[in-house]
Amino acid sequence: MTNKDIGSYVWSILRDRNLSSGLDRYDHLLAAAADEDLVVAWAVWSSIAYFVFGFVLLVFIAILRIKSARKNPFNLYLVYLMIPDMVFSGGCATTCLLNAIKGEFWSKET
C-alpha cells in the first residue's frame, strides 16, 4: 500500500462519526473530523491568520516609515523577522479560506 493509498483510505473510510467504540486512541486521532467541523475550524483559523497578517503588516510599514525607528538596529531586526511571519500568515489564511469555501481540503483528490 503506498502513501497515496493510505491517504485515500483515511479520507474515505476513517471518519470520526463512523468509528466504533472498541477502537483505541490512535484510531480516534487518525480519523478525520466531520466536514462541517472542518469548515468552521478553517473559517475561524482564516480570520485569525488574516488578522495576524494585517497587524504584522501594519507594524512592518510603521517601522519602515518612521525614520527614527529605522535607525534602531533592533527594529530592523524585527522587520526582517516579520517577513516570514507575514508570508506564513497570509499563505495559511488563504489556504484555510479556500478550504472553507470548497468545503473540503483544497488539495484533496477527487
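**Exercise 1. Work out which residues of helix 3 are buried in this predicted model, and check whether the length of the helix agrees with its number of residues.**

Solution. Begin with the buried positions: in helix 3 these are Leu38, Trp42, Ser46, Ala49, Val56, Phe60 and Ile63. As background, an α-helix has 3.6 residues a turn, so residues three or four places apart point the same way. Next, take a residue of this helix that is not in the buried list, namely Ile61, which is found in helix 3 (residues 35–65). Because its relative accessibility is 41%, and the partly exposed class lies between 20% and 50%, Ile61 counts as partly exposed. The C-alpha atom of Ile61 is separated by 9.0 Å from that of Val79, a residue 18 places away along the chain. Finally, check the length: at 1.5 Å a residue the 31 residues of helix 3 should span 45 Å, and since the end C-alpha atoms are 44 Å apart, the two values agree.

**Exercise 2. Identify the residues that make up the largest nonpolar core, and say which helices supply at least two residues each.**

Solution. The largest nonpolar core has seven residues in all, and these are Val56, Phe60, Ile63, Ala69, Val79, Met82 and Met86. At least two residues of this core come from helix 3, and at least two from helix 5 (73–102). There is also a second, separate core of five residues, which includes Leu38, Trp42, Cys92 and Cys96. In soluble globular proteins, nonpolar side chains tend to be buried together. To look at one member of the largest core in detail, take Ile63: leaving aside its neighbours within four places in sequence, Ile63 is in contact with Ala69, Arg70, Asn75, Val79 and Met82.

**Exercise 3. Decide whether Asn75 and Asn99 are buried or exposed, and list their contacts beyond four places in sequence.**

Solution. Start with Asn75, which lies in helix 5. Its relative accessibility is 17%, and because buried means under 20%, Asn75 counts as buried. Beyond its neighbours within four places in sequence, Asn75 is in contact with Ile63 and Ala69. With Ala69 there is a polar approach as well, since a polar atom of the Asn75 side chain lies 3.1 Å from the backbone oxygen of Ala69. Turn next to Asn99, which is also found in helix 5. At 5% relative accessibility, Asn99 likewise counts as buried. Once neighbours within four places are set aside, the contacts of Asn99 are with Trp42, Glu104, Phe105 and Trp106.

**Exercise 4. Describe the protein as a whole, and state where the confidence of the prediction is lowest and where it is highest.**

Solution. Count the elements: the protein has five helices and zero strands, and read along the sequence it follows the pattern α-α-α-α-α. Then consider burial and surface: buried residues make up 24% of the 110 residues, while the protein exposes about 8,100 Å², of which carbon and sulfur atoms supply 66%. Among contacts between residues at least 6 apart in sequence, 49% join residues at least 24 apart. As the last step, turn to confidence: the mean pLDDT is 80, and 68% of the residues reach 70 or more. Confidence is lowest in helix 1 (residues 3–12), with a mean of 47, and highest in helix 5, at 94. Over residues 1–13 pLDDT stays under 50, and for this stretch the model has nine contacts beyond four places in sequence.

Methods: Residues numbered from 1 in each chain as written. Heavy atoms only, no water. Helix = DSSP H or I, 4+ residues; strand = E, 2+ residues; numbered from the N terminus. Buried < 20%, exposed > 50% of the residue type's maximum accessible area, 1.4 Å probe, protein only. Core = buried A, V, L, I, M, F, W, Y, C linked by side-chain atoms within 4.5 Å. Contact = heavy atoms within 4.5 Å. Areas by Shrake-Rupley, 256 points an atom, 1.4 Å probe, with all protein chains shown as cover. Expected span 1.5 Å × (residues − 1). Polar contact = N/O pair within 3.5 Å; in protein donor to acceptor, adjacent residues only side chain to side chain. pLDDT = per-residue confidence, 0-100.
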